[in-house]
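I set out to keep a short notebook on one protein model. Each entry records what I looked up and what I found.

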Amino acid sequence: MQTHASPPGDTPAAAVDDLPPEVSRAIYRDMLTARLLDTEAIALQRQGVFPAYVSLRGQEAAQVGSATALDRERDFAFPTYREMGVALTLGVDMVGYMASHRALWHGGLYDPVASRLSSFNAVVGGPVPHAVGWALGERLGDRTGCAIAYFGDGASSEGDIHEAMNFAGVFRTPVVFFCQNNRWALSVPNERQIAGGSVAARAAGYGMPGVTVDGNDVAAVHTATREALERARSGGGPTLIEALTYRVEPHSTSDDPTRYRDREEERAWRDLDPLPRLRARLEAGGHADAAFFTEAETAARAEAERIRDGVSTAPAPSGEDLFTHVYREPTEELARQQRVWREEVAEL
């Protein structure tokens, strides 16, 4: 059965002029790089380099706009498996990040602490309680860091999300719950997923503000996230942001959306593509010219290709890593297995 998800109505757009020109240009660069890297990643899956991949196409504004608002020295982001744009914006080692899509190591081969990005989590709703716990630690330690927890409209039905929000509301933890409502929980549309039609409306039941924002308007996303972070940092507690966007590509490379949604819907949402929207507003505001966009395209393509080549040729980690990461101090049996493994490797 095919269902139709309508684009958002005419809501006031935040002006790019609300952001410093250099911030707007940096956001455009990151969004473009994420788009081109996403295209390369899909090609790698088709070539058999990646066993599977989940695209972010269409959600670049929601991801880059929110991540740009974070303080990289104090804050910490907790992603799902689709937040490649967040990782790129935070300066994560993207070859190490993409290693998970190649199945080299679960959670990525980057440093989460240095990157301020938790190992990405494939459990639906799984990162959200982790973000609340980290944020509580910041509050108890009298520090000023804030957490941002990413999740989707499908995950909003999970018990973990409700428990995390209730806990955060009670203890007023400095966390931003960022729901990327891309209208489809795999093949389940919003109207069959979200009672009442709004994720943000649930915030009132947890004693926190709920904000709905056009997720394809990067300035609006950035502003809403910045204000939520300022509120959390000043002791005002958590905020729930629902960014209304759209999953342009299939849920994953193994999905066939033609079985459950129609082409007319996809075409309507492609017309709301956040990249050309931002470009048009940069041009209208006099913040960028043709030379900038040419240079940005060249640099973004080169970076996407560098990451593509790096992850394609990256060696698999040593099998000994399995022993390193299972326990802080290996058990006697684990130590024995490690010795056996080393002996067998030495004989090869």
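The entries below go through single residues and then the enclosed and open spaces.

**Entry 1: the model**

I noted before anything else that this is a predicted model. I therefore treat every value below as computed from a prediction.

**Entry 2: Asp38**

I began with Asp38, which I located in helix α1, a helix that covers residues 21-46. Does Asp38 count as buried, and which side chain of opposite charge is nearest? I found that Asp38 is buried and that the nearest such side chain belongs to Arg57, 5.7 Å away. Asp38 has no salt bridge, because a salt bridge needs a side-chain nitrogen of Lys or Arg within 4 Å of a carboxyl oxygen of Asp or Glu.

I then asked which side chain makes a polar contact with the side chain of Asp38. The partner is Tyr53, at 2.7 Å. Leaving out residues up to four places away in sequence, I listed the residues that Asp38 touches: Tyr53, Val54, Ser55, Leu56, Arg57 and Met84. Arg57 thus appears in the contact list of Asp38, although no salt bridge is made by Asp38.

**Entry 3: Glu266**

My next acidic residue was Glu266, in helix α9, which runs over residues 263-270. Is Glu266 buried or exposed? Glu266 counts as buried because its relative accessibility is 8%, and the cut-off for buried is under 20%. Apart from residues up to four places away in sequence, Glu266 touches Tyr246, Pro257 and Arg261.

**Entry 4: Tyr206**

I looked up Tyr206 in the loop that lies between β5 (188-189) and β6 (210-214). With a relative accessibility of 17%, Tyr206 counts as buried. I set aside its neighbours within four places in sequence and found Tyr206 in contact with His162, Met165, Asn166 and Gly169. The side chains of Tyr206 and His162 are joined by a polar contact of 2.6 Å. I also checked Phe167, which is 39 residues from Tyr206 along the chain. The C-alpha atoms of these two residues, Tyr206 and Phe167, are 8.4 Å apart.

**Entry 5: positive phi angles**

I turned to the backbone with a general point in mind: most residues other than glycine have a negative phi. Which value of phi does Ala103 have? Ala103 has a positive phi of about 65°, although it is not a glycine. I placed Ala103 in the loop between α4 (94-98) and α5 (112-115). Ala103 counts as exposed because its relative accessibility is 56%.

Arg172 also has a positive phi, near 50°. Arg172 is found in the loop between α7 (159-171) and β3 (175-181). At 39% relative accessibility, Arg172 counts as partly exposed.

**Entry 6: cavities**

How many cavities of 30 Å³ or more are there? I recorded three. The largest cavity holds about 50 Å³ of space. Its lining includes Arg35, Arg57, Gly58, Asn216 and Val248. Trp269, Arg270, Asp273 and Pro274 also line this cavity. I met Arg57 earlier, as a residue touched by Asp38.

**Entry 7: the largest pocket**

Last, I examined the largest pocket, whose volume is about 320 Å³. Which residues lie nearest its centre? Of the 20 lining residues, they are Tyr81, Gly152, Gly154, Ala155 and His251. I also noted that strands β2 (147-152) and β4 (184-185) each supply at least two residues of this lining.

Key: Residues are numbered from 1 along each chain as its sequence is written. This is a predicted model: local features need pLDDT of at least 70, side-chain atom pairs count only at pLDDT 80 or more; totals for chains, interfaces and linings use all residues. Side-chain values use heavy atoms; hydrogens and water are left out. Helices (H or I, at least four residues) and strands (E, at least two) are DSSP runs, numbered from the N terminus. Buried means under 20% relative accessible area, exposed over 50%, partly exposed in between (1.4 Å probe, protein chains only). Lys and Arg count as positive and Asp and Glu as negative; His and the chain ends are not counted. A polar contact is a pair of N or O atoms within 3.5 Å; within protein, one must be able to donate a hydrogen and the other to accept it, and residues adjacent in sequence count only if both atoms are side-chain atoms. Contact means heavy atoms within 4.5 Å. On a 1 Å grid over the protein atoms alone, a cavity is a set of points where a 1.4 Å probe fits but cannot get out, and a pocket is an open set with protein on both sides within 12 Å along at least five of seven lines; lining residues have an atom within 4 Å of a point. Grid points are joined across faces, edges and corners, and a volume is the space filled by probe spheres set on the points.
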